[in-house]
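Please look over the sequence and the model below before reading on. The text then goes through the structure part by part.

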Amino acid sequence: MTAPAARAATAPVSDRAPRLAFGGLVASESLKARGLRSTWWLLSLALLVPIVVALVTALTRRDGAAGADAALAEAVGAVTDTNYLPLLLVVVLGTLVGTAEYERGAVLATFAVVPRRVPVVLAKVVVVAVAVAVVSLVSAVVSFLVAATVLGQGAVGGITDPVVLRVVAGTAFYQAAVAVIALALGLVIRSSAGGIASTLGFLYVVPALLQAIPVDAVDRFARTLPGPEGTVLELPDGPAGGATLAWSVLAVLVWTAVVVAVACAVVRRRDV
Amino acid sequence: MIEVERLTKTYGDTLAVDDLSFVVRTGRVTGLLGPNGAGKSTTMRMILGLHRPTSGTVRIDGKPFIDDPAPLTAVGAMLDAHAVHPGRTARTHLRSVALTHRLPAARVDEVLETTGLAAVAGRRIGTYSLGMGQRLGIAAALLGRPRTLVLDEPVNGLDPDGVHWVRELVRGLAVQGTTVLVSSHLMSEMSMTADDVVVLGRGRLVASGTVEEIVAAATGGSVRVRTTEAADALAAEVRASGGAVASTEERVLTVTGLSSDEVGALAMRTGTTLAELVPQHVSLEDAFFELTKDAVEFSTDGASR
């Protein structure tokens with residue numbers, strides 16, 4: 001009994017001694033992101049726009065959906081047909097969280113407090129990935145349920161259908177990855193317009209250009225880029241089979257990690 | 001203690017800091033002085049590890065700053081008061097800094113109180129005046145009760161009350177054992193705030209030492225003597241004793257190389273009646289102009305060198 005008591009008398013000082021820790025950095029970066037009005041606007045829109053679009057889509061298709069299978073397919077379509085809308089919003093969100101550091105040089109203060117810098121980038125990655133994944137997941141589930149309710153014929157029960165679950169989870173995963181890529185490119189390029197343009201270029205323009213080259217190996221490489229792989233993850237009729245799906249997840253993870261690693265290297269080396 | 005050793009920084013062809021060495025001592029306020037473009041900010045950024053030196057090293061309390069497990073408690077810095085996102089509130093900004101080191105929210109309230117920002121802490125930083133932004137920068141620097149404080153131009157944009165407040169603050173912290181490095185191009189301000197000064201010109205060390213030493217070194221010290229009649233005998237005696245004499249007006253001598261005591265003794269020996277015997281003190285400002293006149297990057301005579 002004496003040992004813990006003795007420790008209690010002396011330890012609190014060192015226990016509470018301020019110390020740089022990753023958990024603290026994540027809390028700090030989360031607060032910084034929440035302190036910007038753009039974060040709230042973009043997350044709210046990313047949450048609500050798909051739900052509204054799904055509702056409108058379902059209302060317009062209600063008469064065409066004859067039979068339970070057709071209703072379920074229409075409900076899934078109401079979620080996936082416009083999934084580029086929230087994707088654009090999270091690209092802007094990720095970019096702004098990155099470039100906010102370079103607005104008026106706020107990064108000076110950030111890196112004076114965390115001179116190793118890389119943990120700051122990783123903390124931002126955690127914050128953006130978690131926020132976007134949660135919002136996307138909630139948005140996709142609610143969108144499906146709203147569309148299914150409108151379409152009726154038992155489509156609501158389809159939420160437990162493996163294809164629906166895969167689409168919802170795949171969309172959340174892909175959007176989180178894209179937001180992280182946008183964040184990383186925003187940190188590298190330091191300009192919001194430039195960051196958004198390069199992210200969209202990386203996702204859509206680069207694969208299209210590569211696939212225009214009539215060489216098999218180039219085409220296969222282009223298909224591993226996050227843009228094309230994202231379609232597999234987000235759509236119900238992507239290549240079937242567990243292996244292909246796992247491959248898509250892996251490809252998106254690896255590319256995201258590569259872009260984040262580049263951002264870490266650039267941020268660590270560059271004078272601020 | 002900050003030890004800067006043979007620090008050099010080049011940007012392309014531009015040599016911003018050139019083989020700079022100096023020491024900032026603990027428990028004293030050191031002023032980093034120099035005209036615009038002298039390399040003050042670059043030097044401070046290299047001290048904080050924000051710019052990579054081309055060569056040379058910086059140690060803070062004997063080790064590189066980057067290795068400190070709690071950087072916020074090692075060095076508190078304000079490098080650019082406007083380097084904060086204008087969309088956040090002051091409290092959010094300070095709490096985000098505090099969270100990195102798990103400092104309690106109460107500490108944020110304390111520094112807001114200390115810097116007089118408590119009443120405006122909930123306002124977006126973009127709406128702040130120059131002086132309020134400056135106070136916020138100082139608040140962030142104080143947050144971790146750092147052992148070393150580095151402030152780049154802390155009195156810029158402050159009203160006379162604010163200038164006085166910064167002076168009292170850094171002097172008080174130095175007395176309590178903090179190492180303080182403050183940059184300025186306002187010499188008169190530094191002569192009242194700093195114990196030691198490091199003078200830069202075009203990236204090079206021009207002079208370093210205590211304020212008194214710098215003033216003495218720049219001027220050599222002189223004594224103004226006014227006599228009631230012609231003072232040729234006294235002038236001859238001064239020269240014979242190793243002093244130098246200059247005379248710009250009738251019956252007035254400017255003696256260098258001898259103290260006023262010595263000049264007085266010589267006057268008595270030569271039977272010269274003195275009307276004035278005044279040791280000449282120049283201000284740090286004059287000393288600074290004297291020291292950096294060859295080292296200003298932009299001069300107003302149109303010749304940029």
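The paragraphs below take up chain B, its contact with chain A, the nonpolar cores and one helix of chain A.

The model is predicted. In it, chain B contains 11 helices and 13 strands. The C-alpha trace of this chain spans about 75 × 45 × 40 Å along its principal axes. Chain B has 305 residues, of which 46% count as buried. Among the contacts in chain B with a separation of 6 or more, 70% are between residues 24 or more positions apart.

The domain assignment divides chain B into domain 1, residues 2–210, and domain 2, residues 222–281. Taken over C-alpha atoms, the centres of domain 1 and domain 2 of chain B are separated by 46 Å.

Where the two chains meet, 33 residues of chain B are in contact with 28 residues of chain A. On the chain B side, the elements that give two or more residues are helix H2 (71–74) and helix H3 (90–100). H3(B) gives the most to this side, with six residues. By residue class, the side of chain B that touches chain A comprises 17 nonpolar, 11 polar and five charged residues.

The nonpolar cores come next. In soluble globular proteins, nonpolar side chains tend to be buried together. The largest nonpolar core in this model has 154 residues, and the members that touch the most others are A:Ala75, A:Ala147 and A:Ala179. Helix H8 of chain A, residues 162–189, gives the most to this core, with 18 residues. A second, separate core has 12 residues, including B:Leu234, B:Ala235, B:Leu253 and B:Val263.

Which residues are in contact with A:Ala75, leaving aside its neighbours within four places in sequence? They are A:Ala58, A:Phe144, A:Ala147, A:Ala148, A:Leu151, A:Ala155 and A:Gly158. One of these, A:Ala147, is itself among the three residues that touch the most other members of the largest core.

A:Ala75 is also one of the buried residues of H4(A). Helix H4 of chain A covers residues 68–80, 13 in number, and reaches 19 Å from its first C-alpha to its last, close to the 18 Å expected at 1.5 Å a residue. Besides A:Ala75, the buried residues of H4(A) are A:Ala71, A:Leu72, A:Glu74, A:Val76, A:Ala78, A:Val79 and A:Thr80. The buried residues of this helix pack against four helices of chain A: H3 (37–61), H7 (118–151), H8 and H11 (226–234). Of these, H8 is the helix that gives the most to the largest nonpolar core.

Definitions and conventions:
Residues are numbered from 1 along each chain as its sequence is written. Chains are lettered from A and ligands numbered from 1 in the order in which they are written. This is a predicted model: local features need pLDDT of at least 70, side-chain atom pairs count only at pLDDT 80 or more; totals for chains, interfaces and linings use all residues. A residue is buried if 20 or more other C-beta atoms lie within 10 Å of its own, exposed if 12 or fewer, and partly exposed in between; C-beta atoms are placed from the backbone. Two residues are in contact if their C-beta atoms, placed from the backbone, lie within 7 Å. Ala, Val, Leu, Ile, Met, Phe, Trp, Tyr, Cys and Pro count as nonpolar, Asp, Glu, Lys and Arg as charged, and the others, Gly among them, as polar. A nonpolar core is a set of buried Ala, Val, Leu, Ile, Met, Phe, Trp, Tyr and Cys residues joined through C-beta atoms within 7 Å. Domain bounds come from an automatic or database domain assignment. The expected span of a helix is 1.5 Å times one less than its number of residues.
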